[in-house]
Amino acid sequence: MILVDSTIVSVATPDIISSLHSDINDVVWVTSAYLLAYAVPLLITGRLGDRYGPKNVYLVGLAIFTLASLWCGLTGSIGTLIVARVFQGLGAALLAPQTMSVITRIFPAERRGQAMGFWGAVAGVATLAGPILGGVLVDQLSWEWIFFINVPVGVIGFGLAMWLVPSLPVHSHRFDWLGVGLSGVGMFLLVFGIQEGHEYHWGTITGIISVPLLIVLGVLVLAGFVVWQRFNKAEPLVPLVLFTDRNFSLANVGISVVGFVITAMVFPFMLYAQAVRGLTPTRAALLLVPMALVTLLLSPVVGKLVDRYHPSLIAGFGLTCLCVAVAWLGYILRPGTHIWALLLPMVVLGLANAFMWAPLSVTATRMLPPQNAGAGAGVYNTTRQVGAVLGSAAIASLMESRLTSHFGARGAALSGGAQTPGKSLPAAVQSGFARAMGESLYLPALLAVVAIVAVAFFTNPHARRGAHAARGSSAASTRAGAGSADRTPAHIAT
């Protein structure tokens, strides 16, 4: 539910624009508000799971998420929808760290790969199934049903969680409220500045407030947050000791990039499919089916590989596939591109999802002690969502920028695509619109290279575990030898 709602709005964008008399920048805020409200509290909600039990926090989050979904479907204005999405994001923030924390605390490190493989399969498929499910609901019912569908699922999920999710030991924690405030303010300033930059021509918004000022202030506040975490003598919101583990730090870099790329990719591709190819939301979303199928089939298999092989090899292959697939899509987006040609990079994208989710998550959490499981899961999910928020903000600005480059002042009017679902843009503007969407994809493709470089520096946790066992065996032999020496006659010992 959480990940489906990260992407499901993308396929309903034209309908929401038309129904609520909005524009693309406002509709992108429907996603950005959700992702921002989801990302900011994750650091503390992971700790809440440690303190009050992951099952209890999970149930509270699920109830908030389900009720907020109902509110989203009942709204009649774009402003109210954005507010409802904020509450939905808060519910998601309570839910997300608990799923990863439970897996980390139940499964030993050497068996965690397969468990995270299934977790990764759900994550990969859900992220991509959002547009498919959204297309069917928008075509057959209306855009409101992309939110109403969560209500029965949430009710069933609540009952299953009450029955099946185990109650785990709790750990006492203090909460760093100043850290929460600093991280929230910094993220909001940064994301708002990036997303609204093009709207205000990267200049003044009002009075002395400008886009560059907001971005700089956002960076400074986030830097202040990191400094506060370093010198907080009580219990910091983010235990920086987590980042002394190289693999944890690098996995967080990787998952942040994945969040950025996946979120940024969906918007221009869905607009191209509907505005240029004239596909209905359902048919546009069905272009993602090969990706979802490959991810679903291979993720459990990859989970087993993670427990045996170096994570750099597995995650590096997946992230390379991600880079190639997104760049490939960007290159071939043209009005006359055959449908089968669009499906080929989707298969490669399925490989990417299968091979990157499990190794990144397992490598990040493999060495975490139980008392830091919630904090580690909170940090990991936060970095993923920070990437997704920035991806959502950056792609909105980049799409408008590329449309302006191709069409001048008319570009802003085309940013919502065709106003009638299933109808394509006039032939005279299709080529430029398609190229603008394709060029927008080069940014996430380029950023994927950063993740490829990061995971190349993973250390091999299997070797570390073997070395640890060897040291234990050596120590035992030394103790045994010492005991034998004590029983040796003095002249022989001498």
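In this predicted model, Pro359 touches Val302, Val306, Pro311, Ile314 and Ala315, leaving out residues up to four places away in sequence. Pro359 itself belongs to helix H16, which covers residues 339–365. With a relative accessibility of 0%, against a cut-off of under 20% for burial, Pro359 counts as buried. A further link across the sequence is found with Ala251: the two residues stand 108 residues apart along the chain, and their C-alpha atoms are 8.6 Å apart in space.

Ala251 leads conveniently to helix H12, whose residues are 246–276. At 1.5 Å a residue, the 31 residues of H12 should span 45 Å, and the C-alpha atoms at its ends are indeed 45 Å apart, so expectation and model agree. Most of this helix is covered, as 27 of its 31 residues are buried. At the N-terminal end of H12, Asp245 acts as a cap, with a side-chain oxygen placed 2.9 Å from the backbone nitrogen of Asn247. Beyond the other end, just after H12, Gly278 adopts a positive phi of about 70°.

Helix H18 (residues 427–440) invites the same check of length. Its 14 residues should span 20 Å at 1.5 Å a residue, and the end C-alpha atoms are 21 Å apart, which agrees. H18 is also mostly covered, with 11 of its 14 residues buried. Among them are Val429, Phe433 and Met437, along with the charged-side-chain residues Arg435 and Glu439.

Glu439 deserves a second look. Side chains of opposite charge can pair when their charged atoms come close. The structure holds one salt bridge, and it is formed by the side chains of Glu439 and Arg402, at 2.9 Å from N to O. This pair links distant parts of the chain, for Glu439 sits in helix H18 and Arg402 in helix H17 (residues 373–407), 37 residues apart. While Glu439 is listed among the buried residues of H18, Arg402 is partly exposed, its relative accessible area being 24%.

Turning to the surface, a nonpolar patch is made up of Trp71, Val83, Phe87 and Leu90, which together have about 330 Å² of accessible area. Helix H6 (residues 78–106) gives the most to this patch, contributing three residues. One of the patch members, Leu90, lies in H6 and is partly exposed, with a relative accessible area of 35%. An α-helix has 3.6 residues a turn, so residues three or four places apart point the same way.

The loop between helix H5 (54–74) and H6 contains Thr75. Thr75 counts as buried, since its relative accessibility is 8%. Its side chain reaches the backbone oxygen of Cys72 at 2.8 Å. Setting aside neighbours within four places in sequence, Thr75 is in contact with Thr80, Leu81, Ala84 and Trp143.

A final buried site is offered by Gln229 in helix H11, which runs over residues 211–231. The relative accessible area of Gln229 is 3%, so this residue is classed as buried. Apart from neighbours within four places in sequence, Gln229 is in contact with Asp176, Gly179, Pro236, Leu237, Val238 and Leu240.

Terms used
Residues numbered from 1 in each chain as written. Predicted model: local features only at pLDDT ≥ 70, side-chain atom pairs only at ≥ 80, totals over all residues. Heavy atoms only, no water. Helix = DSSP H or I, 4+ residues; strand = E, 2+ residues; numbered from the N terminus. Expected span 1.5 Å × (residues − 1). Buried < 20%, exposed > 50% of the residue type's maximum accessible area, 1.4 Å probe, protein only. Polar contact = N/O pair within 3.5 Å; in protein donor to acceptor, adjacent residues only side chain to side chain. Contact = heavy atoms within 4.5 Å. Patch = residues over 30% accessible without salt bridge, like charges linked within 9 Å, V, L, I, M, F, W, Y side chains within 5 Å. Areas by Shrake-Rupley, 256 points an atom, 1.4 Å probe, with all protein chains shown as cover. Salt bridge = Lys/Arg side-chain N within 4 Å of Asp/Glu carboxyl O.
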